[in-house]
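Please look through the sequence and the model below, and then follow the account from charged pairs to helices and loops.

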Amino acid sequence: MATALETVQEYTGHEYKYGFYTDIEAEYAPKGLNDEIIRFISAKKSEPEWLTEWRLEAYRRFQDMEQPDWQKPNVGWIDLQDISYYAAPKQDEAPQSLDDIDPEIRRTYEKLGIPIEEQKMLAGVAVDYVFDSVSVATTFKEKLKELGIIFCSISEAVQEHPELVRKYLGSVVPQGDNYFAALNSAVFTDGSFVYVPKGVRCPMELSTYFRINAAGTGQFERTLIVADEGSYVSYLEGCTAPQRDEHQLHAAVVELIALDDAEIKYSTVQNWYPGGHDGQGGVYNFVTKRGLCRGKRSKISWTQVETGSAITWKYPSCVLQGDDSMGEFYSVAVTNHAQQADTGTKMIHIGKNTRSRIVSKGISAGHADQTYRGLVRVLKGAENARNHTQCDSMLIGDRCGAHTVPYIETKNPTAKVEHEATTSKISDDQLFYCRARGISEEDAVALVVNGFAREVMDELPMEFAVEAKKLLAISLEGSVG
Amino acid sequence: MLKIENLHARIEDIDEGEILKGLDLEVQPGEVHAVMGPNGSGKSTLAYILAGRDGYEVTEGSVRFEGEDVLEMEPEERAAAGLFLAFQYPIEIPGVANMYFLRTALNAVLRARGEPEIDAAGFMRRLREQAEIVGIRSDLLKRDVNAGFSGGEKKRNEILQMAVLQPKLAVLDETDSGLDIDALRTVADGVNRLRSPERGIVVITHYQRLLEYIVPDHVHVLVGGRIVRSGDKTLAQELESKGYSELMAELGIAVPADALEATA
């Protein structure tokens with residue numbers, strides 16, 4: 001069990017450990033957003049005609065939309081014509097096995113602590129490695145295949161399993177859902193695809209590691225997970241990016257579909273480059289994540305640890321369509337220095353006896369600002385819907401902010417919706433108590449904050465919980481004193 | 001090992017003048033000193049200043065621990081040097097398991113001293129051993145630090161921390177307050193087992209009661225920010241029978257009546 005202390009020791013002096021850049025020959029699309037670029041991306045991926053048309057349709061809808069501005073963080077106008085929508089390491093032909101992968105890319109992932117291999121530390125986790133716009137490797141594909149589980153990049157899924165992709169793509173987040181989802185639908189490049197067949201319990205954690213490397217680009221990830229009847233899968237994504245003075249856009253769409261009695265557990269450890277202390281650079285993380293509990297007694301659970309990004313703007317949601325289905329959202333968001341976050345969830349109760357649970361822990365330090373925004377909507381037919389929301393904020397110092405914006409709409413009188421919210425300051429007494437026992441001030445902050453967030457951290461898959469704890473500690477370095 | 005000379009201190013940001021007004025105290029290894037005083041005499045101020053809490057300003061005097069200037073050290077450096085304060089009001093840390101907290105503290109102290117850290121198995125052995133001595137049930141080790149503990153459990157937990165950290169000098173700030181007689185006995189037993197020829201202990205208390213169980217070598221009476229009288233354990237008994245007012249009168253010390261209100 002690594003302690004927060006070991007962590008801070010290990011990282012002292014390193015503010016953002018993953019800020020390096022891999023110098024690699026890459027192929028770029030010219031900057032700009034138009035039909036031609038979309039066709040270029042689609043052609044690069046040898047996509048079937050229906051998908052090219054699907055992208056173009058999304059782009060047409062996108063052109064009728066405007067960048068939203070209802071959020072709390074001040075985003076400013078983003079010039080989407082100034083972004084290259086495709087960047088990929090140059091390779092003459094696709095690697096046939098894990099051994100053929102470019103050594104530079106291999107080294108990059110080694111430095112990030114997730115080597116491309118099927119042994120040792122990652123023996124129990126299958127990983128899809130996404131580097132800028134393409135997936136460069138996926139481990140344990142064969143082993144999973146024996147169980148009928150499909151785990152590959154979405155590009156590969158389009159080639160190998162077009163019927164599944166066509167059936168489910170856009171079925172939870174339609175092309176025109178919102179401005180950034182429409183953009184993603186038009187230009188998405190890679191991401192992961194998971195299909196778990198009927199009655200199969202996926203025996204290992206599935207994971208995607210997203211790395212932005214190239215400058216002047218955005219990352220438009222598309223992930224689609226389908227859990228067929230009675231199946232179970234736990235999936236985790238991690239993200240990092242080099243340290244740059246310009247903002248970079250990560251606009252992802254994630255869709256989850258759970259059929260009768262299926263369960264999907266989706267965890268995120270988000271550590272995009274957070275930008276400098278005064279707000280220069282950093283990733284804009286504008287993501288649409290939504291799960292559809294389509295089947296009876298299905299369950300979708302989101303767990304997120306958000307420590308990176310200059311601005312995080314996302315609401316992983318559950319649409320509880322099947323009777324007796326259940327949605328969960330567990331979130332820890334840390335904002336330090338000039339970081340901003342506007343995050344929360346939406347729980348849409350449609351089926352009877354649907355239940356949802358929301359636990360949000362927000363930690364703000366420096367002059368960061370954070371908003372929890374959550375919607376609980378109970379539709380007319382959702383007899384006996386239940387929701388419990390617990391929303392706690394912790395402030396460190398006196399220059400940061402925390403806001404809670406709950407929206408509750410119920411159209412069924414049998415619904416029971418509960419909302420609890422607290423805001424606390426990390427107390428000097430707690431810090432002094434720790435220090436009087438020999439624990440340094442920074443380690444004391446990490447300890448108290450990890451305690452505050454524990455309810456959520458406990459939801460993370462074991463393999464990642466230790467990493468995530470360290471991340472909380474590092475993200476708050478320099479937040480006191 | 002501890003030498004306090006002419007210590008003057010006030011609370012920052014409050015214009016009430018000095019709370020400690022020239023306090024002297026010297027503790028040698030193996031000695032148990034009791035500092036007794038009525039409410040408002042500066043007992044807790046002394047404890048907090050020794051541990052390095054923010055909010056106090058030392059205006060004059062010095063505190064040396066094994067020759068080092070304590071006032072120049074951060075609280076965590078004092079802990080690493082072997083100073084320990086058992087809090088009068090132990091603090092709750094929700095979500096942090098008691099045993100995890102203790103191991104984090106112990107390893108921090110070991111690391112600061114340049115000693116190897118203790119592994120999980122070694123720590124558990126040490127913890128269980130000490131918990132038994134102090135009379136702490138094992139479920140308290142797994143619960144969050146002090147959260148939902150009874151008054152007695154909190155105080156016992158402080159003694160457990162002391163037992164695990166093995167300080168050179170322990171300061172117990174009103175460890176008897178809020179304890180019933182059984183809890184008091186358990187806590188006192190724990191402290192007594194930690195008495196050793198190398199370790200100094202300062203027991204800060206309002207009442208003589210605790211000193212029936214932790215028998216001190218020296219007793220000091222703190223009134224109005226100064227030690228007005230020192231003696232052996234019989235001084236505590238004298239104080240108990242006379243009360244602070246009478247003792248002060250004998251000494252010819254004028255003390256504001258409200259400082260003595262809660263005198264036993």
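Is B:Arg195 buried, partly exposed or exposed? In this predicted model, B:Arg195 has a relative accessibility of 29% and therefore counts as partly exposed. Its partner is B:Asp217, with which B:Arg195 forms a salt bridge whose closest N and O atoms are 3.9 Å apart. B:Asp217 sits in the loop between strands S10 (200-205) and S11 (218-223) of chain B, while B:Arg195 sits in the loop between helix H7 (181-193) and S10, so the pair ties together parts that are 22 residues apart in sequence. B:Asp217 is likewise partly exposed, at 33% relative accessibility.

Over all chains, the structure holds 42 salt bridges, and some examples from chain A can be set beside the pair just described. The side chains of A:Glu104 and A:Arg107 meet in a salt bridge with an N to O distance of 2.9 Å; both residues belong to helix H4 (residues 103-111) of chain A and are three residues apart, about one turn of the helix. An α-helix has 3.6 residues a turn, so residues three or four places apart point the same way. A:Glu104 is partly exposed at a relative accessible area of 28%, and A:Arg107 is partly exposed at 45%.

A salt bridge between A:Glu459 and A:Lys265, with the closest N and O atoms 3.8 Å apart, links distant parts of the chain, for A:Glu459 lies in the loop between helix H11 (454-457) and helix H12 (462-475) of chain A and A:Lys265 lies in strand S12 (residues 263-270), 194 residues apart. Here A:Lys265 is buried, with a relative accessible area of 13%, whereas A:Glu459 is partly exposed at 24%. Elsewhere in chain A, a network of salt bridges links A:Arg357, A:Lys361, A:Asp392 and A:Glu455.

Charge also appears at the surface, where A:Asp428, B:Glu12, B:Asp13 and B:Asp54 form a negative patch with members from chain A and chain B. B:Asp54 belongs to the loop between helix H1 (43-51) and strand S4 (56-65) of chain B, and its relative accessible area of 66% makes it exposed. A:Asp428 is also the residue at which helix H9 (residues 428-436) of chain A begins, a helix that is mostly covered, with seven of its nine residues buried. Among the buried residues of H9(A) are A:Leu431, A:Phe432 and A:Tyr433, and just after this helix A:Gly438 takes a positive phi of about 105 degrees.

Helix H8 of chain A is largely enclosed by the rest of the structure, because nine of its nine residues are buried; they include A:Tyr179, A:Phe180 and A:Val187. At the start of H8(A), a side-chain oxygen of A:Asn178 reaches to within 3.0 Å of the backbone nitrogen of A:Phe180. The loop between helix H7 (162-168) and helix H8 (179-187) of chain A holds A:Gln175, which is buried at 12% relative accessibility and has a polar side-chain atom 2.8 Å from the backbone oxygen of A:Trp54.

Two further loop residues may be read side by side. A:Ala365, between strand S19 (355-364) and strand S20 (369-378) of chain A, is buried with a relative accessible area of 0%, whereas B:Asp232, between strand S12 (226-231) and helix H8 (233-251) of chain B, counts as partly exposed at 41%.

Methods: Residues are numbered from 1 along each chain as its sequence is written. Chains are lettered from A and ligands numbered from 1 in the order in which they are written. This is a predicted model: local features need pLDDT of at least 70, side-chain atom pairs count only at pLDDT 80 or more; totals for chains, interfaces and linings use all residues. Side-chain values use heavy atoms; hydrogens and water are left out. Patches are made of residues with over 30% relative accessible area and no salt bridge: like charges are joined within 9 Å, nonpolar side chains (Val, Leu, Ile, Met, Phe, Trp, Tyr) within 5 Å. Accessible areas come from the Shrake-Rupley method with a 1.4 Å probe; for residues, only the protein chains shown count as cover. A salt bridge is a side-chain nitrogen of Lys or Arg within 4 Å of a carboxyl oxygen of Asp or Glu. Lys and Arg count as positive and Asp and Glu as negative; His and the chain ends are not counted. The place of a charge is taken as NZ of Lys, CZ of Arg, CG of Asp or CD of Glu. Helices (H or I, at least four residues) and strands (E, at least two) are DSSP runs, numbered from the N terminus. Buried means under 20% relative accessible area, exposed over 50%, partly exposed in between (1.4 Å probe, protein chains only). A polar contact is a pair of N or O atoms within 3.5 Å; within protein, one must be able to donate a hydrogen and the other to accept it, and residues adjacent in sequence count only if both atoms are side-chain atoms.
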